Amino acid sequence: MRTLLVTGPGGAGRTTVAAATAAAAARAGQRVLLLSGDPAPCGAPAEPVTALAGAPTGEPVEVVPGLTAVPAGGILVARVDSGGEFRAELAALQERGSALLGMLGSRPLGAEELTELPGAEQFALLRALRRAAAAPGTDLVVVDLPPLHQALAALALPGQLRRYLTRLLPAERQAARALRPVLAQLAGVPMPAQWLYEAAARWDEELAAVQRVVEAATTSLRLVAEPGPAADASLRTGLLGAALLQLPVGGIVANRTVPQGSPDPWLAGLAAEQEKYAAQWAAETGRPVVPLPHLGRAPRGPEDLARLAGAAGLVPGVPPARRDWAVEDRLAEDGVLVWAVPLPGAHKRDLDLVRRGDELLIAAGPHRRIVSLPSALCRCTVTGAALTDGVLRIRFTPDPALWPRRP
């Protein structure tokens with residue numbers, strides 16, 4: 001099963017493209033699960049993606065373990081209930097820590113008192129993504145992600161949070177684990193440290209499962225943008241962030257393109273500008289750019305979606321391979337090891353590097369990532385870096401005190 005993550009600059013029509021992609025894949029005979037986190041507008045009978053796909057109105061299908069299999073050539077629309085997810089998670093957390101909370105004299109919060117906090121949507125979406133990727137009888141999961149910058153931040157969350165847990169609650173600090181049951185019996189309540197480490201272990205397991213889905217060879221990113229100068233800057237920044245996170249981009253959808261050859265000078269100029277940017281994106285990324293026509297109005301239902309789903313190239317192909325960061329051995333020639341980090345579209349002024357122990361912080365524009373160094377580079381010092389042809393090459397010189405001596 002494949003997972004296609006659809007995002008783009010705000011207002012680019014990513015929800016419409018996600019629904020059209022799901023419809024195109026279903027027409028090709030695939031069993032498609034369309035996952036969306038967009039809520040229904042106030043007073044609307046259904047959320048946007050459900051209305052577009054022609055699903056029955058009312059309560060959308062939830063993503064749950066043991067999801068019913070999708071028929072061949074069919075679409076199952078599922079949504080993320082971030083509010084319900086937040087309330088259930090916090091209620092379970094209170095239940096697990098009830099003894100400790102009682103000892104502190106705390107009063108548990110009732111379900112009706114809980115209102116989801118900012119950021120709950122991203123966590124709910126990631127959990128739903130993990131469950132959707134494990135859904136039985138599905139060929140393709142299409143995920144309607146938030147706008148591009150928010151989507152990249154959400155996809156980076158599992159790895160970041162796992163690193164935080166490791167630093168704040170390292171496993172080696174659990175040396176006194178054998179004493180905790182005795183202390184708990186004497187005190188009559190679970191010891192806070194034990195409860196905290198158990199909670200951290202559960203969180204790490206959940207985050208690791210999500211991270212495996214995001215980093216899987218069957219997962220790719222599809223970017224949606226309306227060709228033009230405004231979207232160009234956002235798209236370049238997004239492509240840089242995707243490269244830093246090593247998220248393979250399977251293609252770009254040039255949405256709301258107007259037809260060529262119009263006698264109207266304004267439309268002809270707009271068409272020429274759109275064609276110019278679409279061709280530029282294809283040349284610079286080396287990925288296919290799928291033009292999706294402008295309908296002259298906002299898409300309103302299954303008929304409009306069917307027109308969009310008929311666009312050539314909308315059915316996702318084989319996901320591109322995740323680009324590894326190779327370590328080049330140039331010890332014999334220059335006495336260094338070089339770590340090659342592909343960052344297409346990056347500028348030297350936007351890059352920053354900080355070495356901290358066995359980790360390297362890489363900043364590229366507004367995006368940041370902390371990565372663990374390969375074992376060979378842990379025994380080296382950083383002696384320089386250069387950006388050439390969209391690849392950041394970081395030079396490492398072996399530390400004589402740590403590097404094995406040659407006979």
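This report describes the overall make-up, one sheet, the nonpolar cores and two backbone details of a predicted model.

## Overall make-up

The protein chain, in this predicted model, has 407 residues, of which 43% count as buried, and its secondary structure comprises 13 helices and 15 strands. Where contacts join residues at least 6 apart in sequence, 71% of them link residues at least 24 apart. The accessible surface of the chain comes to about 20,800 Å², and carbon and sulfur atoms account for 57% of that area.

## The sheet S11-S12-S13

Three strands form an open sheet in the order S11-S12-S13, and their pairing is antiparallel. S11 and S13 are the edge strands, each of them pairing on one side only, and from one strand to the next the twist averages 15°. As a general point, the strands of a sheet pair through backbone hydrogen bonds, in either a parallel or an antiparallel manner.

Strand S11 (residues 351-356) is joined to S12 by six bridges, and within this pair Leu353 stands opposite Ile362. The hairpin of S11 and S12 has two residues between the strands, and Gly357 there takes a positive phi near 60°. On the other side, S12 pairs with strand S13 (residues 367-372), again over six bridges and in the antiparallel sense. Here Ala364 has His367 as its bridge partner, while Glu359 stands opposite Ser372. The hairpin of S12 and S13 also has two residues between the strands, with Gly365 at a positive phi near 65°.

## Burial of S12 and the helices beside it

Six of the six residues of S12 (residues 359-364) are buried, and therefore this strand is largely enclosed by the rest of the structure. Glu359, Leu361 and Ala363 point one way from the strand, whereas Leu360, Ile362 and Ala364 point the other way, and all are buried. The residues directed to one side thus include a glutamate together with a leucine and an alanine.

Two helices are found against these strands. Helix H6 (residues 148-168) lies across S12 and S13 and runs at about 35° to S13. Helix H9 (residues 229-244) packs on the sheet, where it touches S12 and S13, and its direction makes about 10° with that of S13.

## Nonpolar cores

The largest nonpolar core has 41 residues, and the members that touch the most others are Val143, Leu145, Leu155, Leu221, Leu223 and Trp281. For Leu221, leaving aside residues up to four places away in sequence, the contacts include Leu4, Leu5 and Thr7, as well as Leu145, Leu152 and Leu155. Leu221 also touches Ala242, Pro248, Val249, Gly250 and Gly251. Apart from this core lies another, of 27 residues, among them Ala22, Leu34, Leu305 and Leu308.

## Positive phi outside glycine

Most residues other than glycine have a negative phi, and two residues of this chain deserve a look in that light. Arg256 has a positive phi, near 60°, and lies in strand S7 (residues 249-257). Arg256 counts as partly exposed because its relative accessibility is 26%, a value between the limits of 20% and 50%.

Asp389 likewise has a positive phi, in this case near 55°, but Asp389 is found in the loop between strand S14 (380-388) and strand S15 (391-398). With a relative accessibility of 81%, Asp389 counts as exposed, the limit for that class being over 50%.

How values were computed:
Residues numbered from 1 in each chain as written. Predicted model: local features only at pLDDT ≥ 70, side-chain atom pairs only at ≥ 80, totals over all residues. Heavy atoms only, no water. Helix = DSSP H or I, 4+ residues; strand = E, 2+ residues; numbered from the N terminus. Buried < 20%, exposed > 50% of the residue type's maximum accessible area, 1.4 Å probe, protein only. Contact = heavy atoms within 4.5 Å. Areas by Shrake-Rupley, 256 points an atom, 1.4 Å probe, with all protein chains shown as cover. Pairing = 2+ DSSP bridges. Core = buried A, V, L, I, M, F, W, Y, C linked by side-chain atoms within 4.5 Å. Axes fitted to C-alpha atoms, helices over the stretch in contact; angles between N-to-C directions.
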